[in-house]
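This report describes pockets, salt bridges and a surface patch in one protein model. Please examine the sequence and coordinates before reading on.

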Amino acid sequence: MSKRLTGILTPIIAVLLGIIVGTIIMLASGYNPVDAYTALWNGAFGETYYVGEVIRQFTPYILAGLAVAFAFRVGLFNIGVEGQFIVGWLASVWVGVSFDLPRVIHLPLAILAAMVAGALWAFIPGFLKARFRVHEVIVTIMMNYVALHTTNYIIRNVLAAKSGDKTEQIHESASLRSEFLQSITDYSRLHWGIIIAIVCCIIMWFLLERTTRGFELRAVGFNQHAAHYAGMSVNKNIILSMLISGAFAGLAGAMEGLGTFGYAAVKGGFTGVGFEGIAVALLGANTSLGVFFSAILFGILEVGALNMPLEAGVPNELVSIIIALIVFFVASSYIIRIFLDRFSKKEVK
C-alpha cells in the first residue's frame, strides 16, 4: 500500500473508530446512538441556518489548524495558538473601534493588526527556541495565560464600554459580516472570513510545497543538523515559522472579532479554539487540505452537538468524548498503519 494512500486512510479509520467507540459508550450509558447521530446530523444540516453556523464555526478552526500544522512541519509544537488567537482577536477589535476609516482601508488594517499581534506573540517563544534552545511547548503554554489575563486587563481598563466587561461594537467599515451571506443562510452569523480561510490554505500549500523558502522550512523540520550542514539558517527558519504560525492564529482571532461577534469581551477562561486547532492539525496530517476537511468535521460535530440534548436527550458532552477518541486514534496512528501494512501484504499474497 502506498504511503499516500495510507496517509489518507489513517485519519478516516481514526474517525470511524472514534464514532464506533462513541456508539458503544452511548449504548452502555442507555442512550440510542441512532437517535443521537440523527439529531447531530439535523443540528448541522437540518436547516439552512445550521449550515451557515457550521461554516461560521469551522472558519477559525481552519486558521487555528493551519497555525499548528505550519509550526509542526518545521519541527515545532506551537501550543500557544490559543494565546495568539486571543491577542489577534483583541488587536483586530482595537483597530475596529479606534478608527473611522473607509472600508477599503479599515478592514485590511484590522486584519493586519490581528496577524501582527499573533505573530509578535509567537515571536517570543520562537526567539527563545532559536537563541537559547528553550522548549517551545513550555513557553507557549505560559504565553497562553499571559495573553488571557493581559487582554482581560486591557479590555477592562482601556477599551471597556459602559458595561465594563466588553468593548464597543466595531465600526461597520471594519466588519467581515455580510448581509448577502446571512440572508442566504436564514440570517446565520456566516461572514466573509471563510474566503480568507480558504485563501490561507492555498497560501500555506504554495509556500511549503512550491517555494525555496518552504523547502528550507521543511528541511529544518526533517533534520536541523542536516539543514545546518547544507548551509541553511536553522535559527532564522525557526523564528520565521513561529511568526507565520502566529499570524495564522491571530487571523483566526480576527474571524471572531470582526466577523462572528464584532467586539472583544472579558473571558473567564480559554475559548478552546486554539486547542481545537491542535486536534484539527493532527487529524489533517498537518497538510493544508487535510486541515480544511478536518476543520469541517469538527465544525459539524460542534454545531450538531447542540441539537442532541433537544432532539434525542443525549448530552452534547458525548461529542467531546467522540472528538477525544478521534484524537486518541489519530495519535495512535502507528498501530493503524501497522494494520494497513499487514492487510496490504495479505492482499498481495
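The sections below treat the basis of the values, the pockets, the salt bridges and the surface patch.

## Basis of the values

The model is predicted, with local features requiring pLDDT of at least 70 and side-chain atom pairs counted only at pLDDT 80 or more, while totals for chains, interfaces and linings use all residues. Residues are numbered from 1 along each chain as its sequence is written, and side-chain values use heavy atoms, leaving out hydrogens and water.

## Pockets

The largest pocket encloses about 1,700 Å³ (the space filled by 1.4 Å probe spheres set on the points of a 1 Å grid, the set being open and having protein on both sides within 12 Å along at least five of seven lines). Its lining comprises 44 residues (those with an atom within 4 Å of a point). G7, L283, G284, A285 and T287 lie nearest the centre of this pocket. Helix 1 (residues 3-28) contributes the largest share of the lining, 10 residues; helices here are DSSP runs of H or I with at least four residues. By class, the lining holds 26 nonpolar, 12 polar and 6 charged residues.

The second largest pocket has a volume of about 290 Å³. It is lined by 18 residues, and Q57, E302, V303, A305 and L306 are the closest to its centre. Helix 3 (48-73) gives the most to this lining, with 6 residues, and helix 13 (288-305) and helix 15 (317-331) each supply at least two.

## Salt bridges

The count comes to 5 salt bridges (a side-chain nitrogen of Lys or Arg within 4 Å of a carboxyl oxygen of Asp or Glu). E53 pairs with R56 at 2.8 Å between the closest N and O atoms. Both residues lie in helix 3, 3 residues apart, or about one helical turn. E53 is buried (under 20% relative accessible area, 1.4 Å probe, protein chains only) at 5%, and R56 is buried at 7%. A network of salt bridges links E53, R56 and R189.

E209 and R73 meet in a salt bridge at 2.7 Å, N to O. This pair links distant parts of the chain, with E209 in helix 8 (residues 193-210) and R73 in helix 3, 136 residues apart.

## Surface patch

F99, L109, L112, M115, V116 and L120 form a nonpolar surface patch (residues with over 30% relative accessible area and no salt bridge, nonpolar side chains joined within 5 Å). Together they present about 500 Å² of accessible area (Shrake-Rupley method, 1.4 Å probe). L112, in helix 5 (residues 103-132), is partly exposed (between 20% and 50%) at 48%.

Methods:
Patches are made of residues with over 30% relative accessible area and no salt bridge: like charges are joined within 9 Å, nonpolar side chains (Val, Leu, Ile, Met, Phe, Trp, Tyr) within 5 Å. Ala, Val, Leu, Ile, Met, Phe, Trp, Tyr, Cys and Pro count as nonpolar, Asp, Glu, Lys and Arg as charged, and the others, Gly among them, as polar.
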